[in-house]
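Let's walk through this structure together, moving from a single turn out to the whole chain. Keep the model open beside you as you read.

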Amino acid sequence: MGLFSEGVDVVCTPAGQPSELTWSGRHYMVCAEPVHWYERRQWWVEETRAPLGTGPGLVDHEIWRVQVRPADAKEKLQQDETLTLDLTRNTGSGRWRLLRIHDALRPQSA
């Protein structure tokens, strides 16, 4: 598993779930139901103080774990390979970042 902090472009469903993304010039489609949770952020390391009235986005990160496949079979990964990524969305700016890349899941051969 790799830990990153790299910008990605994410398209969401009307319900707000990631459905596709572009990362490093490659386009991916979400191929499984995303998992959503919040993680506590060490805001005191990044900020000198917490401004009054700021809570969402300062204290917690919104995390989405998605499984994606290349949208184009010509991409570096084969169409039957899946990547599992953890994404975070900044509640203030709406920008998405890639946080973690998990090992690719490969289909089991018989």
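**From a hairpin to the core**

Start at the hairpin of β2 and β3, where two residues lie between the strands and Ser 24 takes a positive phi near 50 degrees. Bear in mind as you look that this is a predicted model. The two strands of the hairpin pair in the antiparallel sense, over four bridges. Within this pairing, Glu 20 stands opposite Met 29 in β3. On to the next partner: β3 also pairs with β5, again in the antiparallel sense, over three bridges. Here Val 30 has Val 68 of β5 as its bridge partner.

Stay around the hairpin a moment longer and look for aromatic rings. A search of the whole structure turns up one aromatic pair. Its members are Trp 23 and Tyr 28, set in a tilted arrangement with 6.2 Å from centre to centre and 35 degrees between the planes. Are these two residues buried or exposed? Both Trp 23 and Tyr 28 are buried.

Trp 23 leads us on to the interior. The largest nonpolar core has 15 residues, and those with the most contacts inside it are Leu 21, Trp 23, Val 68, Leu 85 and Leu 87. Which strands build it? At least two residues each come from β1, β2 (18–23), β3 (26–30), β5 (60–70), β6 and β7 (96–105). As a general background, nonpolar side chains in soluble globular proteins tend to be buried together.

Leu 87 is a good residue to pause on. Leaving aside neighbours within four places in sequence, Leu 87 is in contact with Val 8, Val 10, Leu 21, Glu 62, Ile 63, Trp 64, Val 66, Trp 96, Arg 97 and Leu 98. Leu 87 also shows how the fold brings distant parts of the sequence together: Ser 5 is 82 residues away from Leu 87 in sequence, yet their C-alpha atoms are 9.2 Å apart in space. Ser 5 itself is found in strand β1 (residues 2–12). Beyond its neighbours within four places in sequence, Ser 5 is in contact with Arg 97 and Leu 98, two residues that also appear among the contacts of Leu 87.

Now move to Thr 88, found in strand β6 (residues 82–89). This polar residue is buried, because its relative accessible area is 8%, under the 20% cut-off. What does its side chain meet there? A polar atom of the Thr 88 side chain lies 2.9 Å from the backbone oxygen of Glu 62. Setting aside neighbours within four places in sequence, the contacts of Thr 88 are His 61, Glu 62, Ile 63, Arg 95, Trp 96, Arg 97 and Leu 99.

The cysteines make a brief stop. The structure holds zero disulfides. Cys 12 is partly exposed because its relative accessible area of 28% falls between the 20% and 50% limits. Cys 31, with 34% relative accessibility, likewise counts as partly exposed.

Finally, step back to the chain as a whole. Its secondary structure comes to one helix and seven strands, following the pattern β-β-β-β-α-β-β-β along the sequence. Of the 110 residues, 29% count as buried. Among contacts between residues at least 6 apart in sequence, 49% join residues at least 24 apart.

How values were computed:
Residues are numbered from 1 along each chain as its sequence is written. This is a predicted model: local features need pLDDT of at least 70, side-chain atom pairs count only at pLDDT 80 or more; totals for chains, interfaces and linings use all residues. Side-chain values use heavy atoms; hydrogens and water are left out. A disulfide is a pair of cysteine sulfur atoms within 2.5 Å. Buried means under 20% relative accessible area, exposed over 50%, partly exposed in between (1.4 Å probe, protein chains only). Rings of Phe, Tyr and Trp (its six-membered ring) pair if their centres lie within 6.5 Å; planes under 30 degrees apart count as stacked, over 60 as edge-to-face and the rest as tilted. A polar contact is a pair of N or O atoms within 3.5 Å; within protein, one must be able to donate a hydrogen and the other to accept it, and residues adjacent in sequence count only if both atoms are side-chain atoms. Contact means heavy atoms within 4.5 Å. A nonpolar core is a set of buried Ala, Val, Leu, Ile, Met, Phe, Trp, Tyr and Cys residues joined through side-chain atoms within 4.5 Å. Two strands pair if DSSP finds at least two bridges between them.
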